[in-house]
Amino acid sequence: MTTKLKNFINGEWVEAKTEQYEVVPNPATGETLAEVPISTQADVDDAVKVAKEAFKTWSKIAVPRRARILFKYQQLLVDHWDELATLITKENGKSFKEAQGEVQRGIECVEFAAGAPSLMMGKQLPDIATSIESGMYRYPVGVVGGITPFNFPMMVPCWMFPLALAVGNTFILKPSERTPLLANRLAELLKEAGLPDGVFNIVHGAHDVVNGILEHEDVPAISFVGSEPVAEYVYKKGASHGKRVQALAGAKNHSIVMPDADLELTVKEIIGAAYGSAGERCMACAVVVAVGDVAEPLIERLQQAADEIVIGNGLDEDVFLGPVIREDHKAKTANYIKVGQEEGAVLLRDGREDACMTEKGYFIGPTIFDNVTPDMTIWKEEIFAPVLSIVRVDTLEEAIELTNKSDFGNGACLFTESGHSVRYFRENIEVGMLGVNLGVPAPMAFFPFSGWKNSFYGDLHANGSDGVEFYTRRKMLTARW
Ligand code: NAD
(Lines give C-alpha, C1' and ligand atoms only; values in the text may rest on other atoms or scores of the structure.)
Protein backbone atom coordinates (compact mmCIF):
# COMPACT_ATOMS: atom_id res chain seq x y z
CA MET A 1 0.00 0.00 0.00
CA THR A 2 1.24 3.50 -0.81
CA THR A 3 2.40 5.64 2.11
CA LYS A 4 0.12 8.58 2.73
CA LEU A 5 2.25 11.43 4.04
CA LYS A 6 1.21 13.38 7.10
CA ASN A 7 1.69 16.93 8.25
CA PHE A 8 4.14 17.67 11.07
CA ILE A 9 2.45 19.74 13.71
CA ASN A 10 3.54 20.19 17.33
CA GLY A 11 6.25 17.55 16.93
CA GLU A 12 3.80 14.88 15.77
CA TRP A 13 2.67 13.36 12.48
CA VAL A 14 -0.89 14.47 11.95
CA GLU A 15 -3.29 13.36 9.24
CA ALA A 16 -4.35 16.29 7.04
CA LYS A 17 -8.00 17.37 7.12
CA THR A 18 -8.50 16.50 3.49
CA GLU A 19 -9.65 13.73 1.22
CA GLN A 20 -7.44 15.00 -1.57
CA TYR A 21 -4.05 13.37 -2.12
CA GLU A 22 -1.58 13.60 -5.01
CA VAL A 23 0.72 10.84 -6.16
CA VAL A 24 4.46 11.53 -5.80
CA PRO A 25 6.26 9.52 -8.48
CA ASN A 26 9.97 8.82 -8.83
CA PRO A 27 10.61 10.82 -12.03
CA ALA A 28 13.25 8.34 -13.16
CA THR A 29 10.96 5.31 -13.05
CA GLY A 30 7.37 6.54 -12.76
CA GLU A 31 7.01 4.32 -9.66
CA THR A 32 4.87 5.81 -6.85
CA LEU A 33 6.93 6.86 -3.83
CA ALA A 34 4.09 8.20 -1.67
CA GLU A 35 0.92 10.24 -1.71
CA VAL A 36 0.98 13.80 -0.46
CA PRO A 37 -2.03 15.45 1.18
CA ILE A 38 -3.39 18.61 -0.39
CA SER A 39 -4.08 20.17 2.99
CA THR A 40 -6.64 22.83 3.78
CA GLN A 41 -6.90 26.16 5.51
CA ALA A 42 -7.93 24.27 8.67
CA ASP A 43 -4.56 22.46 8.68
CA VAL A 44 -2.77 25.81 8.31
CA ASP A 45 -4.79 27.20 11.22
CA ASP A 46 -3.80 24.24 13.42
CA ALA A 47 -0.11 24.67 12.59
CA VAL A 48 -0.11 28.44 13.09
CA LYS A 49 -1.88 28.12 16.45
CA VAL A 50 0.77 25.71 17.67
CA ALA A 51 3.65 27.79 16.25
CA LYS A 52 2.27 30.96 17.84
CA GLU A 53 2.13 29.28 21.22
CA ALA A 54 5.64 27.80 20.82
CA PHE A 55 6.99 31.24 19.91
CA LYS A 56 6.29 32.45 23.45
CA THR A 57 8.96 30.18 24.91
CA TRP A 58 11.29 29.59 21.92
CA SER A 59 11.83 33.31 21.36
CA LYS A 60 12.92 33.71 25.01
CA ILE A 61 15.39 30.80 25.08
CA ALA A 62 18.98 32.04 25.35
CA VAL A 63 20.44 32.44 21.87
CA PRO A 64 23.47 30.15 22.52
CA ARG A 65 21.06 27.40 23.57
CA ARG A 66 19.18 27.70 20.31
CA ALA A 67 22.50 27.67 18.48
CA ARG A 68 23.50 24.44 20.25
CA ILE A 69 20.43 22.68 18.82
CA LEU A 70 21.57 23.76 15.37
CA PHE A 71 25.07 22.39 16.04
CA LYS A 72 23.48 19.06 16.91
CA TYR A 73 21.28 19.28 13.79
CA GLN A 74 24.34 19.96 11.63
CA GLN A 75 25.97 16.79 12.97
CA LEU A 76 22.83 14.75 12.29
CA LEU A 77 22.63 16.05 8.72
CA VAL A 78 26.29 15.10 8.21
CA ASP A 79 25.63 11.63 9.66
CA HIS A 80 22.66 11.14 7.30
CA TRP A 81 24.28 12.77 4.25
CA ASP A 82 23.94 9.88 1.78
CA GLU A 83 20.51 8.88 3.04
CA LEU A 84 19.26 12.43 2.44
CA ALA A 85 20.94 12.58 -0.98
CA THR A 86 19.30 9.28 -1.98
CA LEU A 87 15.90 10.66 -1.03
CA ILE A 88 16.54 13.81 -3.08
CA THR A 89 17.52 11.77 -6.13
CA LYS A 90 14.45 9.56 -5.76
CA GLU A 91 11.90 12.35 -5.52
CA ASN A 92 13.59 14.98 -7.70
CA GLY A 93 15.57 12.97 -10.25
CA LYS A 94 18.92 14.79 -10.08
CA SER A 95 22.08 12.66 -9.99
CA PHE A 96 23.24 11.29 -6.65
CA LYS A 97 26.42 13.36 -6.82
CA GLU A 98 24.43 16.55 -7.33
CA ALA A 99 22.09 15.52 -4.53
CA GLN A 100 25.11 15.09 -2.26
CA GLY A 101 26.15 18.61 -3.25
CA GLU A 102 22.68 19.88 -2.41
CA VAL A 103 22.90 18.32 1.05
CA GLN A 104 26.20 20.14 1.50
CA ARG A 105 24.61 23.48 0.59
CA GLY A 106 21.84 22.79 3.11
CA ILE A 107 24.35 21.94 5.84
CA GLU A 108 26.22 25.19 5.12
CA CYS A 109 23.02 27.12 5.86
CA VAL A 110 22.72 25.37 9.22
CA GLU A 111 26.35 26.20 9.97
CA PHE A 112 25.72 29.86 9.18
CA ALA A 113 22.59 29.93 11.33
CA ALA A 114 24.46 28.38 14.26
CA GLY A 115 26.34 31.68 14.44
CA ALA A 116 23.13 33.27 15.77
CA PRO A 117 24.79 34.71 18.93
CA SER A 118 26.98 36.93 16.75
CA LEU A 119 24.41 37.44 14.01
CA MET A 120 21.79 38.73 16.43
CA MET A 121 23.98 41.31 18.10
CA GLY A 122 22.72 44.87 18.12
CA LYS A 123 24.62 48.16 18.20
CA GLN A 124 25.12 50.85 20.83
CA LEU A 125 26.39 54.42 20.95
CA PRO A 126 27.01 55.46 24.56
CA ASP A 127 26.91 59.23 24.01
CA ILE A 128 24.40 60.52 21.50
CA ALA A 129 23.98 63.62 23.70
CA THR A 130 25.10 64.55 27.19
CA SER A 131 24.33 61.53 29.42
CA ILE A 132 22.13 59.99 26.75
CA GLU A 133 22.83 56.64 25.11
CA SER A 134 21.18 54.85 22.26
CA GLY A 135 21.11 51.15 21.36
CA MET A 136 19.59 48.84 18.76
CA TYR A 137 18.39 45.40 19.90
CA ARG A 138 17.29 42.55 17.64
CA TYR A 139 14.23 40.34 18.18
CA PRO A 140 12.52 37.59 16.16
CA VAL A 141 9.37 38.48 14.20
CA GLY A 142 7.06 35.60 15.18
CA VAL A 143 5.64 32.75 13.08
CA VAL A 144 7.38 32.63 9.68
CA GLY A 145 5.88 30.86 6.64
CA GLY A 146 8.21 29.21 4.11
CA ILE A 147 6.98 28.10 0.66
CA THR A 148 9.47 26.16 -1.45
CA PRO A 149 9.91 24.77 -5.01
CA PHE A 150 10.58 21.23 -6.22
CA ASN A 151 14.06 21.70 -7.59
CA PHE A 152 16.02 21.91 -4.32
CA PRO A 153 14.00 20.00 -1.72
CA MET A 154 16.78 20.39 0.86
CA MET A 155 18.79 23.49 0.02
CA VAL A 156 15.90 25.92 -0.42
CA PRO A 157 14.07 25.06 2.84
CA CYS A 158 17.50 25.33 4.50
CA TRP A 159 17.84 28.89 3.16
CA MET A 160 14.89 29.63 5.42
CA PHE A 161 14.18 27.66 8.55
CA PRO A 162 17.64 27.21 10.19
CA LEU A 163 18.24 30.97 10.31
CA ALA A 164 14.62 31.83 11.10
CA LEU A 165 14.66 29.39 14.02
CA ALA A 166 18.14 30.34 15.24
CA VAL A 167 17.10 33.97 15.70
CA GLY A 168 14.03 32.90 17.66
CA ASN A 169 11.12 32.53 15.24
CA THR A 170 8.86 29.53 14.85
CA PHE A 171 8.19 28.17 11.37
CA ILE A 172 5.57 26.65 9.06
CA LEU A 173 7.06 24.98 5.96
CA LYS A 174 4.93 24.30 2.87
CA PRO A 175 7.23 22.14 0.74
CA SER A 176 6.62 21.59 -2.95
CA GLU A 177 3.89 18.99 -3.36
CA ARG A 178 6.09 17.47 -6.07
CA THR A 179 8.99 16.78 -3.66
CA PRO A 180 7.54 16.48 -0.15
CA LEU A 181 9.53 13.52 1.24
CA LEU A 182 12.83 15.16 2.10
CA ALA A 183 11.10 17.85 4.17
CA ASN A 184 9.62 15.20 6.43
CA ARG A 185 13.04 13.72 7.06
CA LEU A 186 14.41 17.19 7.87
CA ALA A 187 11.64 17.53 10.47
CA GLU A 188 12.44 14.16 12.06
CA LEU A 189 16.09 15.10 12.39
CA LEU A 190 15.20 18.48 13.89
CA LYS A 191 13.19 16.70 16.55
CA GLU A 192 16.10 14.34 17.17
CA ALA A 193 18.39 17.37 17.54
CA GLY A 194 16.23 18.52 20.44
CA LEU A 195 14.06 21.20 18.85
CA PRO A 196 11.02 21.73 21.09
CA ASP A 197 7.65 20.65 19.68
CA GLY A 198 5.71 23.27 17.75
CA VAL A 199 8.75 25.33 16.79
CA PHE A 200 8.98 23.78 13.31
CA ASN A 201 5.89 22.53 11.49
CA ILE A 202 5.09 21.23 8.02
CA VAL A 203 1.80 21.60 6.18
CA HIS A 204 1.84 19.77 2.86
CA GLY A 205 -0.27 20.89 -0.05
CA ALA A 206 -0.63 23.41 -2.84
CA HIS A 207 -2.20 26.82 -3.40
CA ASP A 208 -4.82 26.52 -0.62
CA VAL A 209 -2.07 26.14 1.96
CA VAL A 210 -0.12 29.01 0.38
CA ASN A 211 -3.18 31.25 0.50
CA GLY A 212 -3.89 30.12 4.06
CA ILE A 213 -0.41 31.23 5.11
CA LEU A 214 -0.58 34.47 3.09
CA GLU A 215 -3.88 35.49 4.65
CA HIS A 216 -3.19 34.37 8.21
CA GLU A 217 -3.07 37.27 10.65
CA ASP A 218 -0.63 35.43 12.92
CA VAL A 219 2.06 34.96 10.24
CA PRO A 220 4.00 38.23 9.91
CA ALA A 221 6.74 37.07 7.50
CA ILE A 222 6.83 34.91 4.37
CA SER A 223 9.82 33.48 2.51
CA PHE A 224 8.97 32.17 -0.95
CA VAL A 225 11.05 30.53 -3.66
CA GLY A 226 9.48 29.39 -6.93
CA SER A 227 8.43 30.48 -10.40
CA GLU A 228 8.05 34.09 -11.44
CA PRO A 229 4.26 34.41 -11.67
CA VAL A 230 3.72 32.74 -8.31
CA ALA A 231 6.48 34.84 -6.69
CA GLU A 232 4.78 38.01 -7.88
CA TYR A 233 1.43 36.77 -6.60
CA VAL A 234 2.85 35.77 -3.21
CA TYR A 235 4.69 39.08 -2.85
CA LYS A 236 1.67 41.22 -3.70
CA LYS A 237 -0.84 39.20 -1.72
CA GLY A 238 1.45 38.91 1.32
CA ALA A 239 2.21 42.63 1.25
CA SER A 240 -1.49 43.46 0.94
CA HIS A 241 -2.00 41.50 4.17
CA GLY A 242 0.66 43.60 5.90
CA LYS A 243 3.44 41.00 5.88
CA ARG A 244 7.11 41.27 5.08
CA VAL A 245 7.77 39.05 2.04
CA GLN A 246 10.88 37.91 0.23
CA ALA A 247 10.00 36.09 -3.00
CA LEU A 248 12.78 34.57 -5.08
CA ALA A 249 11.64 33.84 -8.61
CA GLY A 250 12.58 32.43 -12.02
CA ALA A 251 15.61 33.03 -14.18
CA LYS A 252 17.13 33.02 -17.65
CA ASN A 253 20.87 33.03 -17.03
CA HIS A 254 23.33 33.97 -19.76
CA SER A 255 26.97 32.88 -20.09
CA ILE A 256 29.07 35.19 -22.23
CA VAL A 257 32.09 33.53 -23.86
CA MET A 258 34.90 35.79 -25.08
CA PRO A 259 37.38 34.80 -27.83
CA ASP A 260 40.19 34.64 -25.22
CA ALA A 261 38.36 32.14 -22.98
CA ASP A 262 39.96 28.84 -21.99
CA LEU A 263 37.65 26.63 -24.04
CA GLU A 264 38.24 23.39 -22.20
CA LEU A 265 37.26 24.95 -18.88
CA THR A 266 34.42 26.95 -20.44
CA VAL A 267 32.80 23.92 -22.04
CA LYS A 268 33.07 21.85 -18.86
CA GLU A 269 31.46 24.64 -16.83
CA ILE A 270 28.70 25.40 -19.33
CA ILE A 271 27.77 21.73 -19.77
CA GLY A 272 27.53 21.39 -15.97
CA ALA A 273 25.45 24.54 -15.65
CA ALA A 274 23.13 23.87 -18.60
CA TYR A 275 22.41 20.17 -18.08
CA GLY A 276 23.14 19.56 -14.39
CA SER A 277 19.92 18.87 -12.47
CA ALA A 278 18.33 18.53 -15.94
CA GLY A 279 18.45 22.32 -16.28
CA GLU A 280 16.04 22.61 -13.36
CA ARG A 281 18.07 25.18 -11.43
CA CYS A 282 17.40 28.86 -10.93
CA MET A 283 21.12 29.30 -11.62
CA ALA A 284 21.17 27.06 -14.72
CA CYS A 285 22.88 28.36 -17.84
CA ALA A 286 20.05 28.75 -20.35
CA VAL A 287 21.77 30.95 -22.94
CA VAL A 288 25.34 31.03 -24.23
CA VAL A 289 26.36 34.32 -25.83
CA ALA A 290 29.27 33.57 -28.14
CA VAL A 291 31.36 36.66 -28.88
CA GLY A 292 33.13 36.90 -32.24
CA ASP A 293 35.03 33.97 -33.68
CA VAL A 294 34.77 31.85 -30.53
CA ALA A 295 31.38 30.62 -31.79
CA GLU A 296 32.52 27.84 -34.16
CA PRO A 297 35.08 26.06 -31.92
CA LEU A 298 32.87 26.56 -28.86
CA ILE A 299 29.79 25.08 -30.50
CA GLU A 300 31.73 22.12 -31.86
CA ARG A 301 33.04 21.30 -28.37
CA LEU A 302 29.65 21.84 -26.71
CA GLN A 303 28.00 19.43 -29.16
CA GLN A 304 30.67 16.85 -28.58
CA ALA A 305 30.40 17.15 -24.80
CA ALA A 306 26.58 16.99 -24.93
CA ASP A 307 26.80 13.77 -26.98
CA GLU A 308 28.93 12.20 -24.24
CA ILE A 309 26.47 12.91 -21.41
CA VAL A 310 25.22 9.79 -19.66
CA ILE A 311 21.43 9.97 -19.22
CA GLY A 312 19.48 7.81 -16.77
CA ASN A 313 18.39 7.15 -13.23
CA GLY A 314 20.38 9.49 -10.98
CA LEU A 315 21.06 6.63 -8.57
CA ASP A 316 23.05 4.73 -11.24
CA GLU A 317 26.77 5.33 -11.26
CA ASP A 318 28.12 7.69 -13.95
CA VAL A 319 24.68 9.13 -14.75
CA PHE A 320 24.93 12.89 -15.19
CA LEU A 321 21.54 13.82 -16.63
CA GLY A 322 18.45 12.58 -14.83
CA PRO A 323 14.79 13.08 -15.76
CA VAL A 324 12.77 16.28 -15.51
CA ILE A 325 10.25 16.42 -12.70
CA ARG A 326 7.01 15.28 -14.37
CA GLU A 327 5.58 13.94 -17.63
CA ASP A 328 3.83 17.27 -18.31
CA HIS A 329 7.11 19.15 -17.85
CA LYS A 330 8.72 16.80 -20.38
CA ALA A 331 5.87 17.49 -22.83
CA LYS A 332 6.17 21.25 -22.24
CA THR A 333 9.90 21.07 -22.93
CA ALA A 334 9.35 19.10 -26.15
CA ASN A 335 6.90 21.79 -27.20
CA TYR A 336 9.47 24.55 -26.52
CA ILE A 337 11.85 22.70 -28.83
CA LYS A 338 9.15 22.60 -31.52
CA VAL A 339 8.45 26.32 -31.08
CA GLY A 340 12.19 27.09 -31.27
CA GLN A 341 12.35 25.36 -34.65
CA GLU A 342 9.21 27.06 -35.90
CA GLU A 343 10.56 30.49 -34.92
CA GLY A 344 13.74 29.89 -36.92
CA ALA A 345 16.42 28.79 -34.45
CA VAL A 346 18.81 26.12 -35.72
CA LEU A 347 18.37 22.89 -33.79
CA LEU A 348 21.88 21.46 -33.48
CA ARG A 349 21.08 18.72 -31.01
CA ASP A 350 17.57 17.41 -30.42
CA GLY A 351 17.03 15.89 -26.97
CA ARG A 352 13.72 14.47 -28.16
CA GLU A 353 15.65 11.97 -30.22
CA ASP A 354 17.73 10.50 -27.43
CA ALA A 355 17.05 6.85 -26.62
CA CYS A 356 16.00 7.78 -23.08
CA MET A 357 12.78 9.29 -24.48
CA THR A 358 11.18 5.88 -24.73
CA GLU A 359 11.84 4.98 -21.10
CA LYS A 360 9.25 5.08 -18.32
CA GLY A 361 10.84 8.06 -16.56
CA TYR A 362 10.42 11.66 -17.69
CA PHE A 363 13.65 11.93 -19.66
CA ILE A 364 14.64 14.41 -22.29
CA GLY A 365 18.16 14.58 -23.72
CA PRO A 366 20.49 17.58 -23.91
CA THR A 367 19.28 20.01 -26.56
CA ILE A 368 21.22 22.81 -28.29
CA PHE A 369 19.86 25.62 -30.43
CA ASP A 370 22.11 27.93 -32.47
CA ASN A 371 21.31 31.34 -34.01
CA VAL A 372 18.78 32.16 -31.31
CA THR A 373 17.59 35.79 -31.30
CA PRO A 374 15.92 37.88 -28.58
CA ASP A 375 12.54 37.89 -30.31
CA MET A 376 12.24 34.09 -29.93
CA THR A 377 10.15 32.41 -27.23
CA ILE A 378 13.03 30.09 -26.30
CA TRP A 379 15.19 33.14 -25.51
CA LYS A 380 12.54 35.00 -23.54
CA GLU A 381 10.98 32.33 -21.37
CA GLU A 382 12.40 30.16 -18.61
CA ILE A 383 12.24 26.60 -19.97
CA PHE A 384 13.71 24.98 -16.83
CA ALA A 385 14.92 21.89 -18.71
CA PRO A 386 18.10 20.68 -20.50
CA VAL A 387 17.73 23.11 -23.41
CA LEU A 388 20.61 25.47 -24.25
CA SER A 389 20.25 28.42 -26.61
CA ILE A 390 23.25 29.98 -28.36
CA VAL A 391 23.18 33.61 -29.45
CA ARG A 392 26.02 34.97 -31.62
CA VAL A 393 27.25 38.56 -31.22
CA ASP A 394 30.35 40.51 -32.27
CA THR A 395 31.39 42.35 -29.10
CA LEU A 396 31.22 42.18 -25.29
CA GLU A 397 29.15 45.39 -25.32
CA GLU A 398 26.54 43.69 -27.52
CA ALA A 399 26.60 40.58 -25.32
CA ILE A 400 25.87 42.63 -22.22
CA GLU A 401 23.19 44.68 -23.97
CA LEU A 402 21.49 41.44 -25.01
CA THR A 403 21.72 39.91 -21.51
CA ASN A 404 20.29 43.09 -20.00
CA LYS A 405 17.23 42.83 -22.29
CA SER A 406 16.04 39.78 -20.36
CA ASP A 407 13.19 40.31 -17.90
CA PHE A 408 15.16 38.18 -15.44
CA GLY A 409 18.34 39.10 -13.56
CA ASN A 410 19.36 36.14 -11.43
CA GLY A 411 22.80 35.01 -12.64
CA ALA A 412 25.26 35.73 -15.47
CA CYS A 413 28.73 34.40 -16.23
CA LEU A 414 31.68 35.61 -18.22
CA PHE A 415 34.42 33.38 -19.61
CA THR A 416 37.58 35.32 -20.37
CA GLU A 417 41.23 35.83 -19.41
CA SER A 418 40.92 39.62 -19.56
CA GLY A 419 40.67 41.72 -16.40
CA HIS A 420 39.36 44.60 -18.47
CA SER A 421 36.47 42.48 -19.78
CA VAL A 422 35.68 41.28 -16.24
CA ARG A 423 35.53 44.85 -14.99
CA TYR A 424 33.33 45.96 -17.90
CA PHE A 425 31.03 42.97 -17.28
CA ARG A 426 30.79 43.62 -13.53
CA GLU A 427 30.04 47.32 -13.98
CA ASN A 428 27.46 47.04 -16.79
CA ILE A 429 25.52 43.80 -16.35
CA GLU A 430 22.06 44.14 -14.76
CA VAL A 431 22.10 40.88 -12.87
CA GLY A 432 22.54 40.13 -9.18
CA MET A 433 24.86 37.09 -9.11
CA LEU A 434 27.92 37.06 -11.35
CA GLY A 435 30.40 34.34 -12.21
CA VAL A 436 33.78 34.61 -13.88
CA ASN A 437 35.19 31.43 -15.40
CA LEU A 438 32.73 29.27 -13.51
CA GLY A 439 29.29 28.04 -14.40
CA VAL A 440 27.03 28.38 -11.40
CA PRO A 441 27.80 31.47 -9.32
CA ALA A 442 25.44 30.61 -6.44
CA PRO A 443 26.60 32.52 -3.35
CA MET A 444 27.27 30.58 -0.16
CA ALA A 445 24.98 30.82 2.87
CA PHE A 446 26.83 33.74 4.46
CA PHE A 447 26.13 36.00 1.45
CA PRO A 448 22.67 37.07 0.25
CA PHE A 449 21.20 35.25 -2.78
CA SER A 450 20.81 38.43 -4.78
CA GLY A 451 18.57 38.09 -7.85
CA TRP A 452 17.49 41.28 -9.66
CA LYS A 453 14.54 42.32 -11.84
CA ASN A 454 11.81 39.67 -12.22
CA SER A 455 14.02 37.11 -10.47
CA PHE A 456 13.20 38.66 -7.10
CA TYR A 457 10.32 40.43 -5.38
CA GLY A 458 11.07 42.21 -2.11
CA ASP A 459 14.09 44.00 -0.73
CA LEU A 460 15.90 41.71 1.72
CA HIS A 461 17.19 38.59 -0.04
CA ALA A 462 17.61 35.09 1.40
CA ASN A 463 20.72 34.17 3.42
CA GLY A 464 23.60 36.22 4.80
CA SER A 465 23.06 39.56 6.51
CA ASP A 466 19.85 40.06 4.50
CA GLY A 467 18.44 36.86 5.98
CA VAL A 468 19.24 38.04 9.52
CA GLU A 469 17.52 41.37 8.83
CA PHE A 470 14.52 39.65 7.28
CA TYR A 471 13.95 37.29 10.20
CA THR A 472 14.45 39.91 12.92
CA ARG A 473 12.91 43.22 13.93
CA ARG A 474 14.61 45.92 15.91
CA LYS A 475 14.01 47.94 19.03
CA MET A 476 15.81 51.25 19.49
CA LEU A 477 16.39 52.24 23.08
CA THR A 478 17.36 55.82 23.85
CA ALA A 479 18.07 56.43 27.54
CA ARG A 480 19.16 59.23 29.84
CA TRP A 481 20.99 58.21 33.03
P1 NAD B 1 6.26 26.88 -8.51
O2 NAD B 1 6.11 28.34 -8.57
O3 NAD B 1 5.39 26.04 -9.36
O4 NAD B 1 6.01 26.36 -7.00
C5 NAD B 1 6.66 26.95 -5.91
C6 NAD B 1 5.76 26.85 -4.70
O7 NAD B 1 4.58 27.62 -4.93
C8 NAD B 1 5.29 25.42 -4.43
O9 NAD B 1 5.34 25.19 -3.04
C10 NAD B 1 3.88 25.39 -4.97
O11 NAD B 1 3.04 24.52 -4.27
C12 NAD B 1 3.42 26.82 -4.80
N13 NAD B 1 2.48 27.24 -5.86
C14 NAD B 1 2.50 26.85 -7.16
N15 NAD B 1 1.49 27.45 -7.83
C16 NAD B 1 0.83 28.22 -6.93
C17 NAD B 1 -0.31 29.09 -7.03
N18 NAD B 1 -0.96 29.26 -8.17
N19 NAD B 1 -0.71 29.72 -5.91
C20 NAD B 1 -0.07 29.55 -4.73
N21 NAD B 1 1.02 28.74 -4.60
C22 NAD B 1 1.45 28.08 -5.68
O23 NAD B 1 7.81 26.57 -8.77
P24 NAD B 1 8.48 25.16 -9.02
O25 NAD B 1 8.13 24.68 -10.38
O26 NAD B 1 8.26 24.26 -7.87
O27 NAD B 1 10.03 25.57 -8.99
C28 NAD B 1 10.74 26.02 -10.09
C29 NAD B 1 10.79 27.52 -10.16
O30 NAD B 1 11.43 28.03 -8.99
C31 NAD B 1 11.64 28.02 -11.33
O32 NAD B 1 11.01 29.12 -11.91
C33 NAD B 1 12.95 28.42 -10.68
O34 NAD B 1 13.69 29.39 -11.39
C35 NAD B 1 12.46 28.95 -9.38
N36 NAD B 1 13.52 28.95 -8.37
C37 NAD B 1 14.09 30.15 -8.06
C38 NAD B 1 15.12 30.20 -7.16
C39 NAD B 1 15.78 31.51 -6.84
O40 NAD B 1 16.61 31.54 -5.95
N41 NAD B 1 15.46 32.59 -7.49
C42 NAD B 1 15.58 29.03 -6.56
C43 NAD B 1 14.96 27.81 -6.88
C44 NAD B 1 13.93 27.80 -7.80
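## Helix α4 and its buried residues

In this predicted model, helix α4 buries a series of residues along its length: F96, E98, A99, E102, V103, G106, I107, C109, V110, F112 and A113. These buried positions pack against four helices, namely α2 (63-79), α3 (81-92), α5 (116-119) and α6 (155-166).

Helix α4 covers residues 96-113, which is 18 residues. At 1.5 Å a residue the expected span is 26 Å, and the C-alpha atoms at the two ends are 26 Å apart, so the expected and modelled values agree.

## Packing of α4 against α3 and α6

The axes of α3 and α4 come within 8 Å of each other and cross at roughly 120°. An angle of that size falls outside the 65 to 115 degree range counted as roughly perpendicular and is not over 145, so α3 is oblique to α4. The crossing of α3 past α4 is right-handed. On the α3 side the contact involves W81, L84, A85, T86, I88 and T89, which meet F96, A99, Q100, E102 and V103 of α4. Of these α4 residues, F96, A99, E102 and V103 are among those listed as buried.

Helix α6 packs on α4 with the axes 8 Å apart and an angle of about 15°. The pair therefore counts as roughly parallel, since the cut-off for that class is under 35 degrees. Here too the crossing is right-handed, with α4 passing α6. The α4 residues in this contact are E102, R105, G106, C109, V110, F112 and A113, and they meet M155, C158, W159, P162, L163 and A166 in α6. E102 takes part in the contact with α3 and also in the contact with α6.

## The seven-stranded sheet

An open sheet of 7 strands is arranged in the order β14-β15-β16-β13-β12-β18-β19, and its pairing is mixed. The edges are taken by β14 (346-349) and β19 (433-436); each has a single partner strand, so one side of each lacks a neighbour in the sheet. Neighbouring strands are turned by 20° against each other on average, with direction ignored.

Within this sheet, β13 (residues 285-291) lies between β16 and β12. With β16 (residues 387-393), β13 pairs in the parallel sense over 5 bridges; in that pairing, V287 has S389 of β16 as its bridge partner. With β12 (residues 253-257), β13 also pairs in the parallel sense, again over 5 bridges. There, I256 stands opposite V289 in β13.

## Burial of β12 and β13

Both of these strands are covered. In β13, 7 of the 7 residues are buried, so the strand is largely enclosed by the rest of the structure. In β12, 5 of the 5 residues are buried. The cover on β12 extends to both faces: N253, S255 and V257 are buried on one side, and H254 and I256 are buried on the other. I256, one of these buried residues, is the β12 residue that stands opposite V289.

## Two loop residues with positive phi

Most residues other than glycine have a negative phi. A278 departs from this pattern, with a positive phi of about 55° although it is not a glycine. A278 sits in the loop between α10 (263-275) and β13. It has 32 C-beta neighbours inside 10 Å and therefore counts as buried.

N371 is another non-glycine residue with a positive phi, near 55°. N371 is in the loop between β15 (367-370) and α13 (377-380). With 15 C-beta neighbours inside 10 Å, N371 counts as partly exposed, because the buried class begins at 20 and the exposed class ends at 12.

## The three-stranded sheet

A further open sheet contains 3 strands in the order β5-β6-β22, with antiparallel pairing. Its edge strands are β5 (123-129) and β22 (472-480), each of which pairs on one side only. The twist from one strand to the next averages 25°.

Strand β6 (residues 132-140) stands between β5 and β22 in the order. β6 and β22 run antiparallel and are joined by 9 bridges. In this pairing, I132 stands opposite R480 in β22.

Conventions. Residues numbered from 1 in each chain as written. Predicted model: local features only at pLDDT ≥ 70, side-chain atom pairs only at ≥ 80, totals over all residues. Pairing = 2+ DSSP bridges. Axes fitted to C-alpha atoms, helices over the stretch in contact; angles between N-to-C directions. Expected span 1.5 Å × (residues − 1). Contact = placed C-beta atoms within 7 Å. Left-handed = near helix turned anticlockwise from the far one by under 90°.
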